[in-house]
Amino acid sequence: MCGIWALFGIETDSVSHCDASFNKIRHRGPDAWRIQFDNRLKNTCIGFMRLTIVDSIYGMQPMILHKYPLLTLICNGELYNCKRLKEEFNFDYETQCDVECITQLFGSRGIEHCVKNLDGVFAFVLVDSKEQRAFVARDPYGVRPLFRLITDVGVVGFSSEAKGLMSLSSKLNGGKWKVEQFPPGHFAEYKLHPDGTATLVRMEKYYSLGETPAFRTLVPYEDLSPTDIKANIRTLFTAAIRKRLMA
């Protein structure tokens, strides 16, 4: 259980709002925390509370890779097919952290290809400072929590817990606002303006229950029996446990 937090559009000349909101989710990351202000993007602030599971040395976030220095990632998740993705797309990983595959997938083929090829549970915010865009996504079943702050003044926020956003209302100068869950199985793209405010460009559903996943499953469909349901349950249940032993 890690915690992610991102805020776009509120002046970041001080960390007062971070103390009042980001720290509300500090229990989600007992091992380390980091908050980052990017000079390339005005009034943009992202933070991460870490519970260390994989790669205690190089897996800290916000994550920026040498290959993609203009992409910044925060993610609360576990990606079970990170090693298979490395083999399939010939990625050269810089860390042992499973969530690195998100940046690698996005950097090579974009957001839609990225989310459709992830086998796991996740909620992430990825900021592209070159294109002045922010991308947000949540796993198909909503296993990992994610809430968003929506306002009528262009301020947008994201947090693993709603209470990480509620105290920001005092910074909106009377603007209308609401906090709601980010829908499972969706991704969103936001345009970041020069003053740091954000406009929603698109919100798309990338997966519906019952669809065949785009990624290569641990058990190929053709390996399942057309008649022996009990054997299929045993096979799939065993595979589901095995892929979760990555840590």
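How many residues sit between β2 and β3 in their hairpin, and which residue in the turn has a positive phi? I'm working from a predicted model here. The hairpin leaves six residues between its two strands, and N43 in the turn has a phi of about 55 degrees. I then looked up the pairing: β2 (32-37) runs antiparallel to β3 (44-50) over six bridges. As a register check I noted A32, which sits opposite R50 in β3.

**Entry: the five-stranded sheet**

Next I traced the strand order. I got β4-β5-β6-β10-β11, an open sheet with antiparallel pairing. β4 (71-79) and β11 (198-205) are the edge strands; each has a single partner, so one side of each has no neighbour in the sheet. On average, neighbouring strands are turned by 10 degrees against each other, direction ignored.

I took the two ends of the sheet in turn. At one end, β10 (186-192) pairs with β11 over seven bridges, antiparallel, and A188 has M203 in β11 as its bridge partner. I also checked what packs on the sheet: helix α3 (100-109) does, touching β4, β5 (120-128) and β6 (133-138). The direction of α3 makes about 125 degrees with that of β4.

At the other end, β4 and β5 are joined by nine bridges, again antiparallel. T72 faces V127 of β5 there.

**Entry: β4 and G77**

Is β4 mostly buried or exposed? I found eight of its nine residues buried, so this strand is largely enclosed by the rest of the structure. That caught my eye, since β4 is also an edge strand with a single partner.

I picked G77, which is in β4, for a closer look. Its relative accessible area is 17%, and the cut-off for buried is under 20%, so G77 counts as buried. Leaving out neighbours within four places in sequence, I listed its contacts as D98, V99, V121, F122 and R144. For a distance check I used E131, 54 residues away along the chain: the two C-alpha atoms are 25 Å apart.

**Entry: nonpolar cores**

Which residues touch the most other members of the largest nonpolar core? I wrote down L85, V99, I102, L118, F122 and F124, out of 30 residues in that core. The elements giving it two or more residues are β4, α2 (82-89), α3, α4 (111-116), β5 and β6.

I opened up F124 from that group. Beyond four places in sequence, its contacts include I4, L73, I102, L118 and F135. There is another core apart from this one, with 22 residues, including M60, A123, V136 and A188. A188 had already turned up in my notes as the partner of M203.

**Entry: two domains**

The domain assignment splits the chain into domain 1 (3-213) and domain 2 (217-246). I get 31 Å between their centres, taken over C-alpha atoms. Nine residues of domain 1 and six of domain 2 take part in the contact.

The two domains bury about 670 Å² between them, with 64% of that on carbon and sulfur atoms. Which three residues supply the most of the area that domain 1 buries? I noted Y80, R84 and P213, which give 60% of it.

**Entry: N232**

Last lookup was N232, in helix α6 (229-243). With a relative accessible area of 12%, N232 is buried. Setting aside neighbours within four places in sequence, I find N232 in contact with L224 and S225.

Technical notes. Residues numbered from 1 in each chain as written. Predicted model: local features only at pLDDT ≥ 70, side-chain atom pairs only at ≥ 80, totals over all residues. Heavy atoms only, no water. Pairing = 2+ DSSP bridges. Helix = DSSP H or I, 4+ residues; strand = E, 2+ residues; numbered from the N terminus. Axes fitted to C-alpha atoms, helices over the stretch in contact; angles between N-to-C directions. Contact = heavy atoms within 4.5 Å. Buried < 20%, exposed > 50% of the residue type's maximum accessible area, 1.4 Å probe, protein only. Core = buried A, V, L, I, M, F, W, Y, C linked by side-chain atoms within 4.5 Å. Domains from an automatic or database assignment. Buried area = accessible area lost by both parts, 1.4 Å probe.
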